[in-house]
Every structure is written in structure tokens, then in C-alpha cells.
Amino acid sequence: MDNYSGESVRKNLEQIRLNIAEACEISGRSADSLRIMAVTKTVPAETVNCIFGMGLDLIGENRVQEYLSKKDAYISDIGGGKAPEVHFIGHLQTNKVKYIIDHMTMIQSVDSVKLAQEINRLAAAHNKTMDVLCEVNIGGEASKSGVSPDDITTLLEQLAGMESIRVKGLMTIPPPSGSDIFLGRMEELFNKIKARNIEGIAMDELSMGMTHDYAEAVKHGSTIVRIGTGLFGARNYF
Ligand SMILES: *Cc1c(COP(=O)(O)O)cnc(C)c1O
């Protein structure tokens with residue numbers, strides 16, 4: 001392991017935990033009501049591995065190809081024979097589900113019935129039930145995937161009957177500017193859908209908050225903050 005990056009990641013994580021603790025205190029939440037996900041895109045597996053010794057157990061993967069090239073280099077036992085938990089968080093093409101179905105514990109980026117049907121079909125074929133989140137395009141940005149807030153209930157109802165999928169909540173990437181407003185809207189949408197109690201749909205997880213807005217996201221009820229740059233440093237795109 002690269003000592004320098006291990007040391008800087010440790011320092012970054014300490015600061016992130018302090019900031020989260022503060023946001024939790026302000027909003028009257030307990031720190032164990034949310035999880036920190038380490039987002040690994042462009043980060044070498046050896047650097048990612050150092051977080052498993054720091055009390056983190058959850059990583060987020062954006063790209064199928066990159067994940068497949070790195071997965072064998074990730075530590076497989078983070079203590080007690082437990083493997084790290086891996087969630088898929090990037091845009092997922094239907095024809096690529098087959099490559100990741102066995103390796104993910106959750107797919108957070110479900111944004112169409114077609115994608116859900118393929119996850120459902122392959123999960124059944126592999127004798128598993130896949131936890132998923134539905135991705136909401138809360139800012140209505142043309143460049144982002146995710147369903148619009150107006151269409152989310154319809155999508156959830158379509159997924160509710162799929163036997164090998166378990167919907168656990170919602171995920172979003174708000175627009176980079178003015179994210180506080182959009183985090184607030186997302187919180188409202190989440191609570192509204194939760195109150196509706198759609199049969200077969202759980203609203204336990206609200207995945208939002210990245211390096212620039214995780215403290216705000218915590219104040220708006222996030223249960224999973226997804227942090228890349230703030231943990232590992234600026235990305236070197238290759
Ligand atoms: C890259 C990425 C993140 C992390 O972004 P940072 O700003 O580096 O913390 C979180 N979620 C998704 C879906 C991403 O693609």
C-alpha cells in the first residue's frame with residue numbers, strides 16, 4: 001500500500017466524520033443512521049483497499065469495465081470473513097447487467113422499467129434478490145440520468161411486482177449549483193413517497209450527498225453519502 005495516499009485518505013476520512021457528526025448533531029440525527037460510501041472511480045484498487053482498515057465497508061462503482069478490471073485486486077475479507085459491500089451507482093446499460101449481477105449487493109441507479117426487468121430476470125436466474133434504488137433526476141437536467149419526480153411513483157409501482165428485485169429507496173445527484181434547494185426537494189419527495197406506503201416498496205434508503213454537499217445532504221435525511229474526491233483526492237481520468 002502506498003503510505004502517502006493511505007495517510008492522506010485517513011486524514012480526509014477523519015475530517016469527513018467530524019463534518020458528518022456536526023451535521024448529525026445540528027439535525028438531531030445519530031451518526032449511525034447513515035453510511036459513508038467510498039466512490040472508487042479512477043482510484044487504484046490498492047488505494048481503495050486502505051479504507052477497509054478504517055472502518056468503512058461500502059464502495060460505489062460507476063463503470064462496469066473499470067470495476068471488472070479492479071475487482072480481483074480488492075480485499076475480499078475485511079474482517080470476520082466479510083467481503084466489502086459493493087453498490088453500482090453509475091449509469092447502467094441493460095446489456096451490461098449480466099457482468100455485475102453476481103458482485104453487487106445493491107444497484108442504486110435504476111431509472112427504467114427495461115433495466116429493472118433485466119435485473120429482475122438475471123437475479124432470478126442467479127437465485128438471488130437484488131436490492132435496488134431508483135434514481136431521480138431531481139434537477140431535471142438533460143445531461144443526467146434518472147426519472148423525473150413526476151414519473152417516480154409510476155416506476156416504483158411497475159417495480160413493486162418484480163419478485164427478484166427489492167426496492168429499498170431513492171438515489172439522486174442534484175445539480176452542482178444550488179444543490180441545497182434540490183436536496184430539500186428530494187427530502188420532500190422521499191417523505192411523500194414513504195408516506196404513501198406503496199405495497200412491495202420500501203423507502204429506507206435515501207442516497208445523496210457527494211464531496212461538495214454531503215453535510216447538507218445529511219441535514220436533509222440522506223442515509224448513504226457517496227464520497228470520492230473528498231476521500232481519495234482529485235481524480236486522474238485515464
Ligand atoms: C463520482 C460520483 C460520486 C462522488 O463524487 P465526488 O464529488 O468525487 O465525491 C458520487 N456519486 C456518483 C453517482 C458519482 O458518479
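**Close-up A. Helix α5 has the length its residue count calls for.** At 1.5 Å a residue, the 13 residues of α5 (113-125) should span 18 Å, and the end C-alpha atoms do sit 18 Å apart, which agrees. Keep in mind that this is a predicted model. Just past α5 comes asparagine 127, with a positive phi near 55 degrees.

**Close-up B. The buried residues of α5 and what covers them.** Leu115, Ala116, Glu118, Ile119, Asn120, Leu122 and Ala123 are the ones to look for here: they are buried. An α-helix has 3.6 residues a turn, so residues three or four places apart point the same way. The cover over the buried residues of α5 includes two helices, α4 (97-100) and α6 (152-160), along with strands β4 (106-110), β5 (130-136) and β6.

**Close-up C. Strands β6 and β7 run in parallel.** β6 (residues 165-172) pairs with β7 (residues 201-207) over four bridges. To get your bearings, find leucine 170, which stands opposite leucine 206 in β7. Together with helix α7 (residues 179-196), the two strands make a right-handed β-α-β unit.

**Close-up D. Helix α7, the helix of that β-α-β unit.** What should its 18 residues span at 1.5 Å a residue? The expected figure is 26 Å, and the end C-alpha atoms of α7 are 26 Å apart, so the two agree. Buried in α7 are Ser179, Phe182, Leu183, Gly184, Met186, Leu189, Phe190 and Ile193. Their cover includes β5, α6, β6, β7 and α8 (214-219). After α7 comes asparagine 197, whose phi is positive, near 50 degrees.

Conventions: Residues numbered from 1 in each chain as written. Predicted model: local features only at pLDDT ≥ 70, side-chain atom pairs only at ≥ 80, totals over all residues. Heavy atoms only, no water. Pairing = 2+ DSSP bridges. Right-handed = clockwise from strand over helix to strand, strands pointing away. Expected span 1.5 Å × (residues − 1). Buried < 20%, exposed > 50% of the residue type's maximum accessible area, 1.4 Å probe, protein only. Contact = heavy atoms within 4.5 Å.
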